[in-house]
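Colleague: Hi, have you got a minute to walk me through this one? I'd like to go chain by chain and then look at the contacts.

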Amino acid sequence: MSLAVDLFSLLAIGAGVFFFLAGTVALLRFPDSLSRLHALTKSDNLGLGLVVLGLLPRAGTPLSALKLIVLWGLVQLSSASVAQLVGAALRRRGAAE
Amino acid sequence: MTLFDALDLALAAIVLGLAAWTIAAREVFSAVVGYVAYGLLLAIVWVRLYAPDVALTEAAIGSGVTGVLLVAASTRLGRLPKAEAPPGAALKIAAAALSLIVAGLLAAAVLYLPDPAPSLAPEADKDLAATGLGNAVTGVLIAYRSFDTMLEKVVLVLAVVGVWSVAPDRFWGGAPAPLGPAAPEAALVFLARILAPIGIVIGVQMFWVGADDPGGAFQGGAILAAMWIIVMMARLAEPPRIGSGWLRLALVSGPAVFLLVGLAGPLMAGSFFAFPAGFAKPLILFIEAFMVLSIALTLPLLVAGPPSREAGP
Amino acid sequence: MSPPIIAGFVGAGLVGLGLYALIVNPEPLKKLLAFNLIGSGVFLVFGIVARRGAVGVFPFDPVPQAMVITGIVVAFAASALAVALMLRLAEESGRVTLDPDAWTKPDDGAEGP
Amino acid sequence: MTDALLIAAGIILLTVAVGLVRVLYGPRDVDRMMAVQLLGTGGIAALLLAASATGVAGVENVALGLALLSSFASVAFITASTGAGKPEQTGDQ
């Protein structure tokens with residue numbers, strides 16, 4: 001049982017690490033700001049989500065598990081909103097030029 | 001070398017690299033962005049030093065609220081023409097030599113710290129039960145070094161007075177400029193509407209658990225302050241008129257309540273700033289509640305800056 | 001080499017970097033950043049003193065940690081005051097400089113009303 | 001298991017730190033902000049992983065605080081660059 005749980009944690013965390021890697025590659029390699037924004041917002045949210053998923057079985061108490069989930073929700077909310085704001089700012093600037 | 005050491009070394013290298021970028025960047029804005037990232041990583045360093053209370057303070061104030069202050073300042077100051085000529089080579093070399101000597105001496109001091117290290121931890125723990133607290137850091141802040149912490153609140157109020165007094169005479173008593181654009185994006189308003197209630201719950205929880213777990217008045221107050229800031233950036237609320245009596249009363253309530261309880265000490269417990277036995281914990285939470293209020297008001301007012309509108313009728 | 005020692009060297013390095021920038025960099029906002037770097041370097045040195053004070057079951061000495069917490073808050077208050085002064089100076093004169101000669105040049109016309 | 005968690009934390013930290021190269025090269029200020037946003041998320045992930053490996057108490061609270069404030073610098077940047085904070089009626093323009 002505990003082996004299966006550990007394996008699940010490792011798989012989820014490994015996948016999370018992969019998405020962080022993908023996000024960084026996108027940030028460095030993609031040609032313009034909008035496509036970088038597009039790739040980044042998705043991949044870092046998914047990366048953190050998978051890490052949180054992998055850590056959930058290791059959370060000591062239900063409260064700390066709940067905190068982990070709330071934390072992911074907060075990051076998703078702010079990162080999605082910031083992506084909207086940044087996108088709008090980029091478009092405004094593009095129109096002004 | 002263990003994995004922990006490798007992680008610590010990597011963290012140390014990134015922190016120093018970001019600090020170097022902060023001082024080397026040509027544009028002020030790039031420097032500030034480096035500094036915000038640096039503050040974030042510093043919070044992780046504090047966790048590695050087994051200092052979650054400090055890490056929380058650094059995350060909330062060092063990175064969050066300072067970030068807002070500096071980013072806003074740099075976008076306004078960055079547009080100005082540069083007035084100064086860079087210093088000459090002689091000054092640079094002298095400054096580099098001085099900095100190397102100071103850093104070297106500090107590093108040597110770190111290396112030759114007394115061993116075994118002196119520690120007040122057992123002392124702090126010995127009387128902690130009498131205060132009813134479980135978090136020794138909160139105990140030091142509110143009970144053992146309470147006079148210090150009270151004066152620190154006074155310093156915060158003085159800083160607010162200092163920022164206000166920068167305003168031109170005609171704006172005295174008016175309100176600071178709004179923190180957000182006249183027509184904020186819908187996404188920003190949405191973010192503020194959802195984030196603020198959740199943040200208020202988390203901030204109050206951090207203050208409440210601070211008696212026994214990492215957290216406390218500073219951390220909870222800083223989170224609440226951040227929530228007020230984002231609400232003002234989304235223009236859901238406006239900075240208050242600084243002439244408002246209620247605002248001024250709430251600002252000084254933290255140190256004032258602290259001082260009153262301290263002055264009552266000789267009557268109730270036999271000495272200045274002493275808490276009566278058996279009644280210490282409720283008293284400490286009472287003081288802390290007003291400190292939270294003071295901090296939650298002070299930090300956003302410091303970010304909002306001096307008044308820039310004339311006082312209304 | 002234990003983690004507290006590494007953090008202590010980082011603190012020493014930060015004080016050095018900050019001091020250099022404080023002297024060499026002429027822009028006031030960058031001087032403020034340098035001042036904050038020095039501050040956090042000093043805090044880190046305090047942090048290792050606290051960590052080395054670990055005795056028995058206590059993982060750290062709470063007294064230096066509590067002092068660092070008040071220090072972070074006061075450093076923020078000082079930064080906010082400095083930013084307010086800089087912005088006011090910029091509003092009044094159109095530029096921010098610490099160079100005393102810049103204010104006495106006769107031909108620059110950027111003085112406030 | 002502890003080692004695996006620490007390795008994952010280290011890889012994430014180094015990865016997002018490499019992303020900070022965008023702070024160096026920009027080219028726009030927006031790109032710089034994005035790198036910091038990625039560092040914030042990655043830093044939270046690394047913090048959670050390292051905390052789960054060491055069992056330091058109260059780290060969830062620190063991570064929660066970081067998550068709450070992760071967007072602050074970016075929001076301040078957007079609002080400041082769209083013209084907030086200027087005195088509205090001082091008449092000095």
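Modeller: Sure, we can take the chains, then the interfaces, then a few local details.

Modeller: One thing before we start: this is a predicted model.

Colleague: Good to know. How many helices and strands are there in chain B?

Modeller: Chain B has twelve helices and zero strands. Read along the sequence, the pattern is simply α-α-α-α-α-α-α-α-α-α-α-α.

Colleague: And what box do the C-alpha atoms of chain B fill?

Modeller: Roughly 65 × 60 × 40 Å, taken along the principal axes.

Colleague: What share of chain B counts as buried?

Modeller: Of its 313 residues, 59% are buried. Chain B still exposes about 12,200 Å², with carbon and sulfur atoms supplying 70% of that area.

Colleague: How about contacts along the sequence of chain B, what share join residues at least 24 apart?

Modeller: That share is 76%, taken among contacts between residues at least 6 apart in sequence.

Colleague: Let's switch to chain D. What does its secondary structure come to?

Modeller: Five helices and zero strands, so to speak α-α-α-α-α when read along the sequence.

Colleague: What percentage of chain D is buried?

Modeller: Buried residues make up 68% of the 93 residues in chain D. The exposed area of chain D is about 2,800 Å², and 53% of it comes from carbon and sulfur atoms. For contacts in chain D with a separation of 6 or more, residues 24 or more positions apart account for 51%.

Colleague: Now the interfaces. How many residues do chain D and chain A each bring to their contact?

Modeller: Chain D brings 40 residues and chain A brings 38 residues. Between them the two chains bury about 3,500 Å², 76% of it on carbon and sulfur atoms. On the chain D side, D:M1, D:R22 and D:M34 supply 17% of the area buried against chain A, more than any other three residues.

Colleague: How many salt bridges cross between chain D and chain A?

Modeller: There is one salt bridge across that interface. D:D31 pairs with A:R36, and their closest N and O atoms are 2.8 Å apart. The interface of chain D and chain A also has a count of eight residue pairs in polar contact, with both residues at pLDDT 80 or more.

Colleague: Which helix of chain D gives the most to the side that touches chain A?

Modeller: Helix 3 does, with 13 residues. By class, the side of chain D that touches chain A divides into 24 nonpolar, twelve polar and four charged residues.

Colleague: And the other pair, how many residues of chain B are in contact with chain C?

Modeller: 89 residues of chain B are in contact with 74 residues of chain C. The area buried between chain B and chain C is about 7,100 Å², and carbon and sulfur atoms give 81% of it.

Colleague: What are the salt bridge and polar contact counts there?

Modeller: Between chain B and chain C there are zero salt bridges, but six residue pairs are in polar contact, both residues at pLDDT 80 or more. Helix 3 (residues 52-77) of chain B gives the largest share of the side touching chain C, 14 residues. That side of chain B has 65 nonpolar, nine polar and 15 charged residues.

Colleague: I was looking at C:D61. Where is it found?

Modeller: C:D61 sits in the loop between helix 2 (28-52) and helix 3 (62-93) of chain C.

Colleague: And why does C:D61 count as buried?

Modeller: Because its relative accessibility is 4%, and buried means under 20%.

Colleague: What does C:D61 touch?

Modeller: Leaving out residues up to four places away in sequence, C:D61 touches B:P118, B:S119, B:L120, B:A121, C:A50 and C:G53. The side chain of C:D61 also reaches the backbone nitrogen of C:V63 at 3.2 Å.

Colleague: Last topic, helix 7 of chain B. How many of its residues are buried?

Modeller: Eight of the nine residues in helix 7 (residues 136-144) are buried, among them B:V137, B:T138 and B:L141.

Colleague: Which residue caps the N-terminal end of helix 7 of chain B?

Modeller: B:N135 does, with a side-chain oxygen 3.0 Å from the backbone nitrogen of B:V137.

How values were computed. Residues numbered from 1 in each chain as written. Chains lettered and ligands numbered in written order. Heavy atoms only, no water. Contact = heavy atoms within 4.5 Å. Buried area = accessible area lost by both parts, 1.4 Å probe. Salt bridge = Lys/Arg side-chain N within 4 Å of Asp/Glu carboxyl O. Polar contact = N/O pair within 3.5 Å; in protein donor to acceptor, adjacent residues only side chain to side chain. Helix = DSSP H or I, 4+ residues; strand = E, 2+ residues; numbered from the N terminus. Nonpolar A, V, L, I, M, F, W, Y, C, P; charged D, E, K, R; others polar. Buried < 20%, exposed > 50% of the residue type's maximum accessible area, 1.4 Å probe, protein only. Areas by Shrake-Rupley, 256 points an atom, 1.4 Å probe, with all protein chains shown as cover.
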